[in-house]
Amino acid sequence: IEARPQEAGRHVLVRHGPDGRITEVLPPSFSARTRVHEYGGAAATVAGDTACFSHFPDQRLYLQSGNGAPQPLTPEGLRYADGRIDGARRRWIGVREDHRDPAREAVNTIVLLDLDDAPGPGTVLVQGDDFYAAPRLSPDGRRLAWLAWRHPHMPWTESQLWVGDLDGAAVKNARQVAGDAAGGESVFQPEWSPDGVLHFVSDRSGW
């Protein structure tokens with residue numbers, strides 16, 4: 001994603017081809033930027049020739065395949081970020097922030113979106129904490145890892161890493177695997193290796 005101050009702050013998804021050429025993926029009227037957590041998050045993800053991105057003006061999630069026009073995946077009033085495309089099952093898994101009730105604080109969850117059954121708000125997979133980030137699907141598609149934290153903490157002061165078994169459109173057997181609240185541990189950047197080992201960054205040692 002490139003930020004373009006000369007285009008009124010538009011954020012453009014670009015592609016670096018095998019021939020070295022750089023081309024824009026999004027049409028000129030679209031900007032890939034999200035307001036999840038107010039300070040943003042990963043606004044776009046790509047798998048093969050399919051891109052899912054959050055469009056800044058309306059915060060809806062859009063799907064773009066190849067050179068086709070972006071198609072909305074979600075309704076207005078919701079924000080999406082930090083997703084991953086599960087290409088084998090044609091779905092997007094990421095963070096959703098619900099602003100539809102002005103009388104309460106926005107509700108954060110991790111949701112699943114069927115890319116072939118849109119638009120819709122998504123099916124909730126994980127809920128209950130104040131904030132979520134970095135949902136990461138294991139290579140075999142059977143486990144989901146994610147970060148969570150609660151008020152009054154920020155993710156760099158105290159957060160937890162969780163893993164659950166992904167069974168269809170539900171997460172089961174969720175268990176905390178890192179992040180000691182008593183010690184103020186902050187966990188960051190979980191990723192699965194190709195052979196299914198979960199790695200993460202932690203400041204538990206003071207570094």
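**Exercise 1.** Does Tyr-62 count as buried or exposed, and at what relative accessibility?

*Solution.* The structure is a predicted model. The cut-off is needed at the outset: a residue is buried when its relative accessible area is under 20%. The value for Tyr-62 is 8% relative accessibility, so Tyr-62 counts as buried.

**Exercise 2.** Determine which kind of aromatic pair Phe-53 and Tyr-62 form.

*Solution.* A pair of aromatic rings is described by the distance of the centres and the angle of the planes. Ring centres must lie within 6.5 Å, and planes under 30 degrees apart count as stacked. The ring centres of Phe-53 and Tyr-62 are 5.8 Å apart and the planes stand at 20°, so this pair is stacked. As for its surroundings, Phe-53 has a relative accessible area of 0% and is buried.

**Exercise 3.** Classify the aromatic pair of Phe-30 and Phe-53, and state where each residue lies in the chain.

*Solution.* The structure holds five aromatic pairs. One of them joins Phe-30 and Phe-53, with 5.8 Å from centre to centre and 90° between the planes. Planes over 60 degrees apart count as edge-to-face, and the pair of Phe-30 and Phe-53 is accordingly edge-to-face. Phe-30 belongs to the loop between β4 (22–24) and β5, whereas Phe-53 belongs to strand β6 (residues 50–54). The two residues are 23 residues apart, and their pair links distant parts of the chain. Both Phe-30 and Phe-53 are buried. Together with Tyr-62, they form one aromatic cluster.

**Exercise 4.** Describe the sheet that contains strand β6, and identify the residue that stands opposite Tyr-62.

*Solution.* The sheet is open and has four strands in the order β5-β6-β7-β8, with antiparallel pairing. Its edge strands, β5 (44–47) and β8 (71–72), each pair on one side only. Strand β7 (residues 61–65) pairs with β8 in the antiparallel sense over two bridges. The residue opposite Tyr-62 is Pro-72 in β8.

**Exercise 5.** State the strand order of the sheet that contains β13, and find the bridge partner of Ala-148.

*Solution.* This open sheet of four strands follows the order β13-β14-β15-β16, with antiparallel pairing. The edge strands are β13 (131–137) and β16 (170–178), each of which pairs on one side only. On average, neighbouring strands of this sheet are turned by 25° against each other, direction ignored. Strands β14 (residues 143–149) and β15 (residues 160–167) pair in the antiparallel sense over six bridges. The bridge partner of Ala-148 is Gln-160 in β15.

**Exercise 6.** Which residue lies over the face of Phe-56?

*Solution.* Arg-33 lies over the face of Phe-56, at 4.4 Å from the ring centre.

Conventions: Residues numbered from 1 in each chain as written. Predicted model: local features only at pLDDT ≥ 70, side-chain atom pairs only at ≥ 80, totals over all residues. Heavy atoms only, no water. Pairing = 2+ DSSP bridges. Axes fitted to C-alpha atoms, helices over the stretch in contact; angles between N-to-C directions. Phe/Tyr/Trp six-rings, centres within 6.5 Å; stacked < 30°, edge-to-face > 60°. Buried < 20%, exposed > 50% of the residue type's maximum accessible area, 1.4 Å probe, protein only. Lys NZ or Arg CZ within 6 Å of the ring centre and 35° of its normal.
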